[in-house]
Amino acid sequence: MGAGRWRRAGSALLRVTAVWAVSALTMLALAGVLPDFQLQSDNGDTITKTAFTAAWGAGAFGLLSALVWPLLVRALLVVPAFVLGALVFFLNGSLLIVALRLIPDGRGTANPETAVVVAAVMSAVASAASTALAVRDDDAYRRRLSRLADRRRRRVPGDAGDGRGEPPGTVFIQLDGVGHDVLTRAAAAGLMPTVAGWLADPGGHRLTPWRTDWSSQTGASQLALLHGTNHDVPAFRWYEKETGTVMVSSRPASALELQRRALARTHDGGLLSFDGASRGNLFSGGADQLALVLSMAGRRGKGRRSRAGYFAYFSDPANAVRTALSFVAEVGREIGQSTRSRLRKETPRIKRGGLYPFIRAFATVLERDVVVAAVIGDMFAGRTAVYADLVAYDEVAHHSGPYSRDADKVLARLDRSLALITKITDHTPRAYRIVLLSDHGQSLGETFAGRYGLTLKDLVRAGCGLPVPRRAQRTLSASEARDAVRIALHRPVQETEAEPAAVTASDPVVLASGNLGLISFPGIEGRASREEIDRRHPALLGTLANHPGIGFLLVRSERHGSVVLGAGGAEVPVADLRDDEGPLTGFGPGAADAIRRTDTFPHVADVMVNSMYDPATDQVHAFEEQIGSHGGLGGPQSRPFLLWPREMTDPLDVLAAEATASGTAGAGARGTAPHTGPVGAEAVHRVLRRWLREPSGPQVPLRPEGVAGLPYADRPLPGARSEAEGRAVDTTLPDPGAGPVHQPRG
């Protein structure tokens, strides 16, 4: 044991010395190339003296980077994270100037601009040298990755050794917006060799599609995946008449309210309630460890822990420099790709100027790097469950298209992140199972405004006899990355849309969620009926239903209940809807059930509008500025995927067993058509929860008198009220103890 420690200490000392020597040589080379950077006195020095000066400067810079840099980053957590990335170069340059002033006799000098360049190059070289030297040393490689990812490493509770005797942990990686067909195509084409290897390995992973609800977007899907329900989430954004506000899934206050409603409905703390971590998500999932979680961004106190992910990542100067350089490169890449698309006159195409290159770089570089580092830290910490969302593909596919070369390159880079996470499992204190999934896909198509020259709002106003602008106004697109950037910049996120404040009682509120539109009439209390709408605006429903860019409408009738309207006067009661018949022709299996479910939501819009869908081309028309869209029915957007290790129970077997136990065998367990996989994000949540329980064996219910259908933990619920106070669950957020908590054995 003692000899081993001395051997490791000697190896570490040799690596430090080698990195120091490489850094000194780099400083010497830069001093010979850059005119405003010198390591000699004005009268010149011998080679030995100059080398000594370089070694002194490199050593001082290395010590300052190791000791002072983490303190600077922690102090600057109050600075917007987006700005912190830009400050990386200047902070590093400042440390170099201080290091040069520590050289005896004042031989080291550099202009501030030159110091920024020298510091960036030296940090990158030192990082590369350190990593290269550690490649053959598993212990060093593990320690370096652990330090880069999370300096607050801990052991699994009760672990007396290396933790490999513990049940395996589970890492859920959500590739936002990657559809089932996109994933299989990318794996087959060699864009994602890690995924292809999992699928080809007989002992690797299995893949299945699953079907979203009508609202095929992250807010609805992830709320159900993490919290077990997406009841009353009709779209990405919707109008609530009783408060006169618009709920937007990617806004912190709205996300927090949705999470609160989910907790109140399920009496369940969430998928990650026990020893979980939530990284880069809209919702916490009940996790105690948070980083870049949108629902927590607007909270004070404990909720601010979400920003700790930035410190864990930027506390390493080489890490920070690499990400900053990659960020700049990604901005240039987007400008070049958009210019090429414009010169080639590719169609469909939308404008990609303004701040979009920076928003894309945030999603594809900064958010990805911070989230991956946080996941690696969680694995080294031995956490039981980790759920992370990588939004890079979704953001690029919205603007470039889901099958574009731009999106393919993002998939390739995401696969490299998956390869890194997979490699880490060989060094973690416990084994890990990696589950890959998506929350929705994307459907291609020219925008509604681009195809017909007017927005859905313009069409609605025309149908109501209201003035319409001569020029179609741009409809803001739904983007989690856009709002995440605003939060990272500490800029206030507008929590309500402009429409409700500006309209009169007779003006409709028109909102877009991909190719799903929502029309509400603030002047009509409750859900407006078809008859009331016809009395006030006789031409509206006919104008919409017969427009070539619209597939069907959902509206409530006083005489027939809710009905679906289509072109040519088609009208079908919701109860009589059939897949691929009437207005739903071509929309595929499950469309009728999805519409019927949404029709029961308290906040369903007065008129729900789904765009047309062409099965021959798999294209839709988004009501916002997106050529790759999701949010409604039609095409690949409703067909995400689930990829899991073969040793875990098949999702359909999980749901079939659940249906048998509840006496509803066959109802919804396998969907309405063969090979469709689970139906609805709530069903997928039940599968994920079952997978978390499997390593610990069967669970014994603690309180059988709980909510029907919910499994209970084999340990008390921390934070739950005592029996004397009643069985109501405290839904204060975050509440990691409210709901089923499963304790690993061992």
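Which residue in S13 does Val510 stand opposite? I looked this up first. Val510 stands opposite Ile519. I keep in mind that the model is predicted.

**Entry: the whole chain**

I began with the totals. The chain has 24 helices and 21 strands. I find 57% of its 746 residues counted as buried. The accessible surface is about 29,900 Å², and carbon and sulfur atoms hold 57% of that area. I also checked contacts with a separation of 6 or more: 73% of them link residues 24 or more positions apart.

**Entry: the hairpin of S12 and S13**

Next I went to S12, residues 509–513. Its partner S13 covers residues 516–520, and the two run antiparallel, joined by five bridges. They form a hairpin with two residues between them. In the turn I noted Gly514, with a positive phi of about 65°.

Is S12 covered on one face or on both? I checked each side. Side chains in a regular strand alternate between the two faces of the sheet. On one side of S12 sit Val509, Leu511 and Ser513, on the other Val510 and Ala512, and all are buried. That makes five of five residues buried in this strand.

**Entry: the sheet**

I then traced the sheet outward. It is open, has six strands and pairs antiparallel, in the order S12-S13-S17-S14-S15-S16. S12 and S16 (571–573) are the edge strands; each has a single partner, so one side of each lacks a neighbour in the sheet. Neighbouring strands are turned by 20° against each other on average, direction ignored.

Inside the sheet I looked at S14 (residues 550–557) and S17 (residues 607–611). They pair in the antiparallel sense over five bridges. Ile550 has Ser611 in S17 as its bridge partner.

Which strands does H17 touch? Helix H17 (residues 456–463) packs on the sheet and touches S12, S13, S14 and S17. I read about 150° between its direction and that of S12. Helix H22 (residues 591–599) packs on the sheet too, touching S14, S15 (561–565) and S17. The direction of H22 makes about 40° with that of S14.

**Entry: H8 against H15**

Last, a helix pair. H8 spans residues 193–200 and H15 residues 405–424. Their axes are 7 Å apart, at an angle of about 60°. The two helices are therefore oblique to each other. From H8 I listed Pro193, Thr194, Val195 and Trp198; they meet Asp415, Leu418, Ala419 and Thr422 of H15. By class, the residues of this contact are five nonpolar, two polar and one charged.

Conventions. Residues numbered from 1 in each chain as written. Predicted model: local features only at pLDDT ≥ 70, side-chain atom pairs only at ≥ 80, totals over all residues. Heavy atoms only, no water. Axes fitted to C-alpha atoms, helices over the stretch in contact; angles between N-to-C directions. Helix = DSSP H or I, 4+ residues; strand = E, 2+ residues; numbered from the N terminus. Parallel < 35°, antiparallel > 145°, perpendicular 65-115°, else oblique. Contact = heavy atoms within 4.5 Å. Nonpolar A, V, L, I, M, F, W, Y, C, P; charged D, E, K, R; others polar. Buried < 20%, exposed > 50% of the residue type's maximum accessible area, 1.4 Å probe, protein only. Pairing = 2+ DSSP bridges. Areas by Shrake-Rupley, 256 points an atom, 1.4 Å probe, with all protein chains shown as cover.
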